[in-house]
Amino acid sequence: NGNLAGKNHFGYMSFEVEITEFVRFGEENMLAVLAEVDPDCSRWYSGAGIFRNIRLVIKEAAHIKYSGIHVKTPFVSEEKATLTAVVSTEGNADQIFNTVISPNGENLGEFAAGEMKEIASPQLWSPESPYLYSVITRVYSEGKLADEAETKIGFRYFSYDENEGFTFNGKKTVFKGVCQHHDLGILGAAVEESALRRQLQ
């Protein structure tokens, strides 16, 4: 609606802009998102533009902060794994609960934010078997559900030894891959299969 609501000077990082104060409730609104590329940027051709999703998110007064969920796995083995969740909220959040769902959809129980949850015989994530668990975070305010979010996690463990090298889930693993930049030189940042194939070859 003609007001600068916010900006971000680093194009490779997601961010959130609070626009509530500029919204005309009950009326038509105009929301504009603009990507500006400095002609004196560090690359002769940046391939810059808007390449990711832009979402308009409507929240309750009590809600989970943007990027406000951090799920950690302090211990992982074949026999058991532990996880915790740190949840940052805004507004009057009375209770926060996290529910763990297994890769096959089984409910493995709840734990409160800050508590430790133990998972017996976890299905370990690997490139060959990319098992993912879900942590459903629910925030309640005055006894009512105010916000909900899902975080995908994988249980895995790894180590590096100067003699044995890199081990992943207890097995020696060799890295296979390339460092592949997203753009295609003079062709720009649009994906073109034959150009990608040429780079890899």
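These exercises work through strands, rings, a core and salt bridges in a predicted model.

**Exercise 1. The three-stranded sheet**

Task: Give the strand order of the open sheet of 3 strands, and find which strands stand at the edges.

Solution:
- Step 1. Read the order. The sheet runs β8-β9-β10, and its pairing is antiparallel.
- Step 2. Count partners. β8 (158-161) and β10 (171-172) have a single partner strand each, so one side of each lacks a neighbour in the sheet. These two are the edge strands.
- Step 3. Check one pairing. β8 meets β9 (residues 165-168) in the antiparallel sense, over 4 bridges.
- Step 4. Place a residue pair. Tyr-160 sits opposite Phe-166 in β9.
- Step 5. Look at the loop between β9 and β10. Asn-169 is found there. Its phi is near 50°, a positive value in a residue other than glycine. Asn-169 is buried, at 10% relative accessibility.

**Exercise 2. Rings around Phe-166**

Task: Classify the ring pair of Phe-166 and Phe-175 as stacked, tilted or edge-to-face.

Solution:
- Step 1. Start with the count. The structure has 6 aromatic pairs.
- Step 2. Take the geometry. The ring centres of Phe-166 and Phe-175 are 4.8 Å apart, and the planes meet at 40°.
- Step 3. Apply the cut-offs. Stacked needs planes under 30 degrees apart, and edge-to-face needs over 60. At 40°, the pair is therefore tilted.
- Step 4. Compare exposure. Phe-166 is buried, with a relative accessible area of 17%. Phe-175 is exposed, at 67%.
- Step 5. Widen the view. Ring pairs join Phe-166 and Phe-175 with Trp-125, Phe-158 and Phe-168 in a cluster.

**Exercise 3. The core and its strands**

Task: For the largest nonpolar core, find which strand supplies the largest share of residues.

Solution:
- Step 1. Size the core. It has 17 residues. Leu-83 and Phe-155 have the most contacts inside it.
- Step 2. List contributing strands. β1, β2 (80-90), β3 (95-101) and β6 (133-141) each give at least two residues.
- Step 3. Pick the main source. β2 gives the largest share, 4 residues.
- Step 4. Set this beside a general tendency. In soluble globular proteins, nonpolar side chains tend to be buried together.
- Step 5. Trace the neighbours of β2. β1 and β2 run antiparallel and are joined by 8 bridges. A hairpin of 3 residues connects them. Ile-64 faces Thr-89 in β2.
- Step 6. Do the same for β5. β2 and β5 (residues 117-120) also run antiparallel, with 4 bridges. Leu-83 has Lys-117 in β5 as its bridge partner.
- Step 7. Note a backbone feature in β1. Ser-67 lies in this strand. Its phi is near 55°, positive in a residue other than glycine. Ser-67 is exposed, at 52% relative accessible area.

**Exercise 4. A nonpolar patch on the surface**

Task: Name the residues that make the nonpolar surface patch of about 510 Å², and place Ile-50.

Solution:
- Step 1. List the residues. They are Leu-31, Val-33, Ile-50, Ile-54 and Leu-56.
- Step 2. Place Ile-50. It belongs to the segment before β1 (63-76).
- Step 3. Check exposure. Ile-50 is partly exposed, at 47% relative accessibility.

**Exercise 5. Salt bridges**

Task: Sort three salt bridges, Glu-118 with Lys-80, Glu-148 with Arg-138 and Arg-197 with Glu-193, by where the partners lie.

Solution:
- Step 1. Take the count. The structure has 5 salt bridges.
- Step 2. Recall the principle. Side chains of opposite charge can pair when their charged atoms come close.
- Step 3. Place Glu-118 and Lys-80. Their N to O distance is 3.7 Å. The pair links strand β5 to strand β2, 38 residues apart. Glu-118 is partly exposed at 48%, and Lys-80 is partly exposed at 33%.
- Step 4. Place Glu-148 and Arg-138. Their N to O distance is 2.9 Å. The pair links strand β7 (residues 144-153) to strand β6, 10 residues apart. Glu-148 is partly exposed at 44%, as is Arg-138 at 25%.
- Step 5. Place Arg-197 and Glu-193. Their N to O distance is 2.8 Å. Both lie in helix α1 (residues 193-200), 4 residues apart, about one turn of the helix. Arg-197 is partly exposed at 46%, whereas Glu-193 is exposed at 55%.

Definitions and conventions. Residues are numbered from 1 along each chain as its sequence is written. This is a predicted model: local features need pLDDT of at least 70, side-chain atom pairs count only at pLDDT 80 or more; totals for chains, interfaces and linings use all residues. Side-chain values use heavy atoms; hydrogens and water are left out. Two strands pair if DSSP finds at least two bridges between them. Rings of Phe, Tyr and Trp (its six-membered ring) pair if their centres lie within 6.5 Å; planes under 30 degrees apart count as stacked, over 60 as edge-to-face and the rest as tilted. Buried means under 20% relative accessible area, exposed over 50%, partly exposed in between (1.4 Å probe, protein chains only). Patches are made of residues with over 30% relative accessible area and no salt bridge: like charges are joined within 9 Å, nonpolar side chains (Val, Leu, Ile, Met, Phe, Trp, Tyr) within 5 Å. Accessible areas come from the Shrake-Rupley method with a 1.4 Å probe; for residues, only the protein chains shown count as cover. A salt bridge is a side-chain nitrogen of Lys or Arg within 4 Å of a carboxyl oxygen of Asp or Glu. A nonpolar core is a set of buried Ala, Val, Leu, Ile, Met, Phe, Trp, Tyr and Cys residues joined through side-chain atoms within 4.5 Å.
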